[in-house]
Amino acid sequence: MRLSQAFLPTLKEDPADAELVSHKLMIRAGMMRKHAAGIYSLLPLGWRVTRKVAQIVREEMDRAGAQEVLLPVLMPAELWQESGRWQNIGKELFRQRDRGDRDYVLGPTHEEAVTDIVRNHVRSYRDLPQNLYQIGVKFRDEVRPRFGLMRAREFIMKDAYSFHVDDTSLADTYEQMREAYTRIFTRCGLHFTMVEADSGAIGGDVNHEFMVTADSGESQVFASACGYAASSERAAFAWTPRPAEPEASREERSTPDQRTVEEVAAFLGVGPDRLLKSLLFYAGEEPLLAVIPGDRELNEAKLAQQVGGAPLRLATAGEIEAITGGPLGFTGPVGLAGKIRMIGDTTLQEGRNYVTGGNKRDVHLLNVRLGRDATIEERADLVTAKEGDQCPRCGEVMQVSRGIEVGHIFKLGCKYSEAMGAHYLDAEGKEHPIVMGCYGIGVTRIVAAAIEQSNDANGIIWPMPIAPYHVHIVPVNAKEPTTRETAEALYAALTEASLEVLFDDRDERPGTKFKDADLIGVPLRVTIGEKGLAEGIVELRDRRTGVVDRVPVGEASDAVRTRVEAALRTSS
């Protein structure tokens, strides 16, 4: 592609509303343009990269035995009502109504649609297993769509769904998908790790995320040398019970206007770990009290998992007072047993004297003993791991890093098949629910993640397999006849050799051309200048390392082709 003919509107300055590097660079490099919050058009350069990522995904899914389909973006609400997600998925779901006053959904995922197809056509165990996938547009009404393609309201995703007679068959396909995902991210030139994760609104007990390591990542990753790795929504940690304490009598203490853990701890002269933090939620229509140590943060993903995925919201001040009798900031578990569902963190101990809210204004209770003063029978891991915590498997201190989720695989089990009546008959004619798995990859998210992981002060540094072009030819002075002829000849030779070449044939200053080349980030730049040609050489510059090699003009085509083919071969 000649730059003089390309639609490539680069910018010198960062857009004012962009925070992440990928967002800034994709706008500046002319890869995309914004229409509204979270809604973008991909321009030719951005679409080339996206298509390359999609093709790698497609090749590996086909290699793993999955079959490509195309499911509708617009789906009838009845399917989502059958699965229960119409009620449970919350405000992220785009809901539409047609002229006949019928409700529809703009799909964020397609479990319902594909289950509807399979239930109508799979009758026997002989028809299973099946693995169907698509690459298409998805919609999610994100609360804060402000990170470019990283968290957009419209995006491109690969989603696959497998159907099985039992868990053993599902496990086989799950492993095939894990291997396929590993190949996909490796071929895309990404550094990544697989972690245990929270299933969110998708569901399923077993699931793993694939995280691209980057300092700008939204998710924390906890990992140890034994191989344990989990996202912050799922990470567990080892803990050692404290020695039992002498029993003390419960007492009330006036704590005027002391509401937060920090305020109460300082006022009473105790450590935050001595306090019980009690948070009142509604899980759907059911009120519940989550009780955790005061020095820890509640993990809402873990709480949602414990209550079966029902949508959670914090109770209002009025609801808190109506249920507990006390105002916001003074809630505790004493006196609430039998009145409300209570879930306590697994690290809470019966042999300690805690401080809790007194369910009265400006009152806290001291020396509260679990089992004596408050009974919390339901226990679960409810808190978020933090730096310095020990691995739940090997006991070593876990390392904490940041990552960008680019893929997620789930063992769904029978969640959707049971809800939607997707069954098969076994060899004896008995009916069973179909066992399911699902497997998602954010195609446009990979594009942004690759930039987050690989950039410098001058712009993008593309891995060769997903770069918009393999080679960027830059004649220093395109008007000078010898320079122009050499550049044209090299462009023709490389194009003939099936390499993807960006040719900067513009009448621009050298500095402008070099800045644009670094901004766009094509892996290999060929610089052709009068001084070099006087010596019979051109310069090959590696965008990632900055290393420049001087190559004889007559050998340039072969040298470029050898480098590109070697880079592509190692990633295939």
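What percentage of the 572 residues of the protein count as buried? The figure is 52%. Keep in mind that this is a predicted model.

**Whole chain**

Start with everything shown as a C-alpha trace. Along its principal axes the trace spans about 95 × 65 × 50 Å. Switch to cartoon: the protein has 15 helices and 31 strands. Next, consider the contacts between residues at least 6 apart in sequence. Of these, 69% join residues at least 24 apart.

**Domains**

Colour by domain. Domain 1 takes two segments, 21–235 + 400–452. Domain 2 covers 251–380, and domain 3 covers 460–570. Put a distance between the C-alpha centres of domain 2 and domain 3: they lie 64 Å apart.

**Helix α1 and its cover**

Select residues 21–28. This is helix α1, and six of its eight residues are buried, so the rest of the structure largely encloses it. The buried ones are S22, H23, L25, M26, I27 and R28.

What covers these buried residues? Among the covering elements are strands β1, β2, β25 (455–456) and β26 (459–460). Helices α11 (443–453) and α13 (510–520) also contribute.

Step past the end of α1 to G30. Its phi is positive, near 70 degrees.

Now pick α11, one of the elements covering α1. Helix α11 is itself mostly covered, with 10 of its 11 residues buried. Show V443, T444, R445, I446, V447, A448, A449, A450, I451 and E452 to see the buried set.

**The β1–β2 hairpin**

Select 32–36 and 39–42. These are β1 and β2, antiparallel strands joined by four bridges. R33 stands opposite S41 in β2. Two residues lie between the strands of this hairpin, and G38 has a positive phi near 80 degrees.

**The largest nonpolar core**

Show M31, Y181, F185 and W462 as sticks. Which core do they belong to? They sit in the largest nonpolar core, which has 60 residues, and they touch the most other members. Domain 1 and domain 3 both give residues to this core, so it lies between them.

A second, separate core has 21 residues, including A283, L303, A385 and M398.

Return to Y181 and expand the selection to its contacts. Leaving aside neighbours within four places in sequence, Y181 is in contact with M61, K158 and F210, among others. The list also includes G407, H408 and I409, as well as Y439, G440 and I441.

**Aromatic pairs**

Eight aromatic pairs occur in the structure. Zoom in on Y181 and F185, which make an edge-to-face pair. Their ring centres are 6.0 Å apart, with 90 degrees between the planes.

Where do these two residues lie? Both are in helix α6 (residues 167–187), four residues apart, about one turn of the helix. An α-helix has 3.6 residues a turn, so residues three or four places apart point the same way. Y181 and F185 are both buried. Add F192 and F210 to the selection: with Y181 and F185 they form one aromatic cluster.

**A sheet with a helix across it**

Select β16, β14, β15, β17 and β20. In that order they form an open five-strand sheet with mixed pairing. At the edges stand β16 (312–314) and β20 (378–380), each with a single partner strand, so one side of each has no neighbour in the sheet. Neighbouring strands here are turned by 35 degrees against each other on average, direction ignored.

Focus on β14 (residues 276–283) and β15 (residues 286–293). Eight bridges pair them in the antiparallel sense. F281 faces L288 in β15.

Then add residues 317–324. This is helix α9, which lies across β14, β15 and β16 and runs at about 105 degrees to β14.

**Another open sheet**

Finish with β28, β27, β29, β30 and β31. Taken in that order, these five strands form an open sheet, again with mixed pairing. The edge strands are β28 (501–503) and β31 (548–552), each pairing on one side only. The average turn between neighbouring strands is 25 degrees, direction ignored.

Within this sheet, select 524–528 and 537–542. These are β29 and β30, antiparallel and joined by four bridges. Last stop: L524, whose bridge partner in β30 is D542.

Key: Residues numbered from 1 in each chain as written. Predicted model: local features only at pLDDT ≥ 70, side-chain atom pairs only at ≥ 80, totals over all residues. Heavy atoms only, no water. Pairing = 2+ DSSP bridges. Domains from an automatic or database assignment. Axes fitted to C-alpha atoms, helices over the stretch in contact; angles between N-to-C directions. Core = buried A, V, L, I, M, F, W, Y, C linked by side-chain atoms within 4.5 Å. Buried < 20%, exposed > 50% of the residue type's maximum accessible area, 1.4 Å probe, protein only. Contact = heavy atoms within 4.5 Å. Phe/Tyr/Trp six-rings, centres within 6.5 Å; stacked < 30°, edge-to-face > 60°.
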